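Here's a quick tour of one model, taken a piece at a time. Have the viewer open and follow along.

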Amino acid sequence: MANRQLNVISICGSLRKGSFNRMVMNALPGLAPAGMSIKEAPSFAAFPLYNADVQNLTGFPAPVNTLADAIRAADGVIFNTPEYNFSLPGGLKNAIDWVSRLKEQPFVGKPIAIQSASPGPVGGARVQYDLRKMMCFLDALTLNKPEIFVGSVASRVDDKTGEIKDETTRNLIKQQLEAFAHFIERHGAKG
Ligand SMILES: Cc1cc2nc3c(=O)[nH]c(=O)nc-3n(C[C@H](O)[C@H](O)[C@H](O)COP(=O)(O)O)c2cc1C
């Protein structure tokens, strides 16, 4: 249980309608400790490809500022992302690249938690280390443990309702969210 109201946002790294990572993300509000709300961040789907010329000629696209404002206003950010070719999906990388160029870079001092899901057995472990590395450069504060790698995800979710039917996975996520609440209270800028 959190000692104060914590407003957390989640960013889904997959744009796909039937995304497994989105299913895990959608389950988070029901698994969060008392006092923690988790809402989806504004979408990065409309971001153009990062190009410094666009930034310099026409400024930051409006959706970039919208996402950055939501990150700044949140007590913490959770990434729910697939692994693409052992790293970040291009869309998510592009989104982070855009917001990272803003003057008030929104990830500075921001508590971060990472979750990944994959139909494969490793559950996207490798994307997490690349994302951690990026968060390190951006001076965010990334929760170390517990780590959430949802391997063989197709067998752990109900593809009709999108619910996580595997109790072990649900419990691990609950533990991470509880740890994240304490982490935010200890280290978060508003803590
Ligand atoms: C371009 C691409 C690269 C992928 N690379 C990996 C990978 O490195 N590791 C992995 O576990 N799965 C990989 N996959 C499979 C994804 O984990 C799988 O498509 C997953 O369902 C994507 O997440 P989503 O369901 O949230 O969209 C890759 C898929 C795509 C489209």
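## Starting at Tyr129

Let's begin in helix α5, where you'll find Tyr129. Helices here are DSSP runs of H or I with at least four residues, strands are E runs of at least two, and both are numbered from the N terminus. With a relative accessibility of 41%, Tyr129 counts as partly exposed; that label sits between buried (under 20% relative accessible area) and exposed (over 50%), using a 1.4 Å probe and protein chains only. Leaving out residues up to four places away in sequence, Tyr129 touches Glu147 and Phe149, where contact means heavy atoms within 4.5 Å. Its C-alpha atom is 9.7 Å from that of Ile114, and the two residues are 15 apart along the chain.

A word on the ground rules: this is a predicted model, so local features need pLDDT of at least 70 and side-chain atom pairs count only at pLDDT 80 or more, while totals for chains, interfaces and linings use all residues. Residues are numbered from 1 along each chain as its sequence is written, and side-chain values use heavy atoms, with hydrogens and water left out.

## How α5 sits against α4

Two packed helices are described by the angle between their axes and the distance between the axes. For α4 (residues 90-100) and α5 (residues 125-137), the axes come within 12 Å and cross at roughly 5°. The axes are lines fitted to C-alpha atoms over the stretch in contact, and the angles run from 0 to 180 degrees between N-to-C directions. The two helices are therefore roughly parallel to each other, a label for angles under 35 degrees (over 145 is roughly antiparallel, 65 to 115 roughly perpendicular and the rest oblique).

Which residues do the meeting? Lys93, Ile96 and Asp97 from α4 meet Leu131, Met134 and Met135 from α5. That contact splits into four nonpolar residues, no polar ones and two charged. Here Ala, Val, Leu, Ile, Met, Phe, Trp, Tyr, Cys and Pro count as nonpolar, Asp, Glu, Lys and Arg as charged, and the others, Gly among them, as polar.

α4 has other neighbours too. Its buried residues are Leu92, Asn94, Ala95, Ile96, Trp98, Val99 and Ser100, and they pack against β1, α2 (52-58), α3 (62-73), β3 and α5.

## The strands: β3 and its partners

What about β3 (residues 76-81): how many of its residues are buried? Six of six, in fact. Both faces are covered, with Gly76, Ile78 and Asn80 on one side and Val77, Phe79 and Thr81 on the other. β3 runs parallel to β1 (residues 6-12), joined by five bridges, and it also pairs in the parallel sense with β4 (residues 111-117) over five bridges. Strands count as paired if DSSP finds at least two bridges between them. Ile78 is a handy landmark: Ser10 stands opposite it, and its bridge partner in β4 is Ala113. Elsewhere in β3, Asn80 is the bridge partner of Cys12.

β1 is mostly covered as well, with six of its seven residues buried. Five bridges join β1 to β2 (residues 36-40), again in parallel, and Asn7 has Ser37 as its bridge partner there. Two right-handed β-α-β units turn up along the way: β1, α1 (residues 20-31) and β2 make one, and β3, α4 and β4 make another. Right-handed means that, with the strands pointing away from the viewer, the path from the first strand over the helix to the second runs clockwise.

## Oddities in the loops

Now for some backbone quirks. Asn85, in the loop between β3 and α4, has a positive phi near 50° without being a glycine, and at 79% relative accessibility it counts as exposed. Ser152 is not a glycine either, yet its phi is about 45°. Ser152 lies in the loop between β6 and α6 (167-187) and counts as partly exposed at 31%. There's also a cis peptide bond between Lys145 and Pro146, with omega about -5°; Pro146 is in the loop between β5 (141-142) and β6 (148-150).

Arg156 is another resident of the β6-α6 loop, partly exposed with a relative accessible area of 27%. Beyond residues up to four places away in sequence, Arg156 touches Val150, Gly151, Glu163, Ile164, Lys165, Asp166 and Thr169. Arg156 and Thr169 are 13 residues apart in sequence, and 7.7 Å apart from C-alpha to C-alpha.
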